[in-house]
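User: Please take a close look at one sheet in this model and explain, for a reader new to the structure, how its strands are ordered and paired.

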Amino acid sequence: MLKKHIENDDVIRLISHNDADGISAAGVIANAIKEEGGQFHTTIVPRLKSDIVRDLAKEKYDLFIFSDMGSACIKQINQSIKSDVIIADHHQPSDVEANDNVVHINPHLFGIDGSKDLSGAGSSYLVVRDMDKKHLAYLALVGAFGDMQCPNGFSGVNQMILSDGKESGNLEIHEDLKIVSKANEPLYKSLAYTLNPALPGVTGNLEGAIGFLEERGISYGIKFDELSDEERDVLKDELIKLNPEIFGDIYAVPKLDPVLRNLEEYSTLLDSCGKNKKFGLGISLTLGEKDKALDAALNLQNNYRSELMKGMEWITREGSVPMDYIQYIYSDDKVLKSVMGTIASVGMSAKILPEDKPILALARLHNDIKISGRTTRPMVERGVDLGKALSDASASFGGQGGGHDIAAGAMIPFTAKDNFLNLVNDIVESQLNNN
Ligand SMILES: [Mn+2]
């Protein structure tokens, strides 16, 4: 269907999600269209709502493509869009069947788990794969990284996309240290900025990183890429002592600019674009734009990283507030608010905060509080389901919440803060007792 519209010289209308997966998804389709000599017009939105679908329907395009979204809105799309539609999504679909003018691609329709085995960028890749586009497989995996679908390697359809990438010749896997910004930051910053896996005493701690390297006689002010082989070996041994997961498979596209080469880092850079609402910038990176675009994106990432370092300093100093069964952090500081969820989870994985209680990160937004909840796999195995806890507790106070057992979110009125915390504490207690 896509090919036919490109041949007709139709400008193709792309609508995608605002996170790293959504931007990668748009990038996969945009690259395919561009390579075939077609034209496209892209809009990135945080959520596909009925009024957006209604407004789109008024636009005169012959083909609409929804990527990393759309499956929940089949009913509205059926009702309002008469042109051709492609939906390439991986979220839980609504149970409405799509009309004949709608091609619906979603792993859940085939009994495949869309939260683990295929991303929105992956679904989009399946749309263009047969147009001789296996060289775009890597971009589908960037999306999978964005949606955290590579905990210990790829699974399911992602695995097949990985084989495509290797087959096309541009994607390679090699074992190395999984520290970030090896080519463009001094080593101590690379270590402090490495969040996944976390390095206790070093992640989120610039001074800790300098101290760690100085004590071991490793030059901290130069880039990782400039280290001697000898220093690299020492660094590897010492970092493995901190966290063995720091050495492992790296998925890389060598022909890309060094700062994008590692697909996981590529996805973090797109995430920075998304968080700052620079969607055009994100998409232009996926289309191969360098120089100014790359500098602008790195700039956004740097700002985010310095906010993150401030946040990490803050939790190192202040710690969390313990309750009997949960712990929480709360702030109404402008900088801290933007990184609350991340510092809560990195705080736990870097062992700054205790891991034996789920954490809620609370950020005040006017009259509401935004909550991000995180816990650990062992806590989930003991019965904790944060998605359920936050959905039930927020509903009791006229708020909204939900998510996964291990990570969830909610929004509640500010006035309900203390009662909400007490209720989540009680729910987690009963989850543990009833397990
Ligand atoms: Mn996604």
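Analyst: The account below treats the sheet and its pairings, and then turns to the domains.

This is a predicted model, in which local features need pLDDT of at least 70 and side-chain atom pairs count only at pLDDT 80 or more, while totals for chains, interfaces and linings use all residues. Residues are numbered from 1 along each chain as its sequence is written.

The sheet is open and has 6 strands in the order 8-9-10-11-13-12, with mixed pairing. Strands here are DSSP runs of E with at least two residues, and helices are runs of H or I with at least four residues, each numbered from the N terminus. Two strands pair if DSSP finds at least two bridges between them. At the edges stand strand 8 (321-322) and strand 12 (400-403), each of which pairs on one side only.

Within the sheet, strand 9 (residues 327-331) runs parallel to strand 10 (residues 359-365), and 5 bridges join them. Tyr330 has Leu362 of strand 10 as its bridge partner.

An antiparallel pairing is found between strand 11 (residues 368-374) and strand 13 (residues 407-413), which are joined by 7 bridges. Here Asp368 has its bridge partner in strand 13, namely Pro413.

Strand 13 also pairs with strand 12, again in the antiparallel sense, over 4 bridges. In this pairing Gln400 is placed opposite Met411 of strand 13. The two strands, 12 and 13, form a hairpin, with 3 residues between them. As a general point, side chains in a regular strand alternate between the two faces of the sheet.

The domain assignment sets the sheet in context. It divides the chain into domain 1 (2-169), domain 2 (181-259) and domain 3 (318-433), with bounds that come from an automatic or database domain assignment. The C-alpha centres of domain 2 and domain 3 are 31 Å apart. Between these two domains, 6 residues of domain 2 are in contact with 4 residues of domain 3, where contact requires that the C-beta atoms, placed from the backbone, lie within 7 Å. On the side of domain 2 that touches domain 3, there are 4 nonpolar, 2 polar and no charged residues. In this classification Ala, Val, Leu, Ile, Met, Phe, Trp, Tyr, Cys and Pro count as nonpolar, Asp, Glu, Lys and Arg as charged, and the others, Gly among them, as polar.
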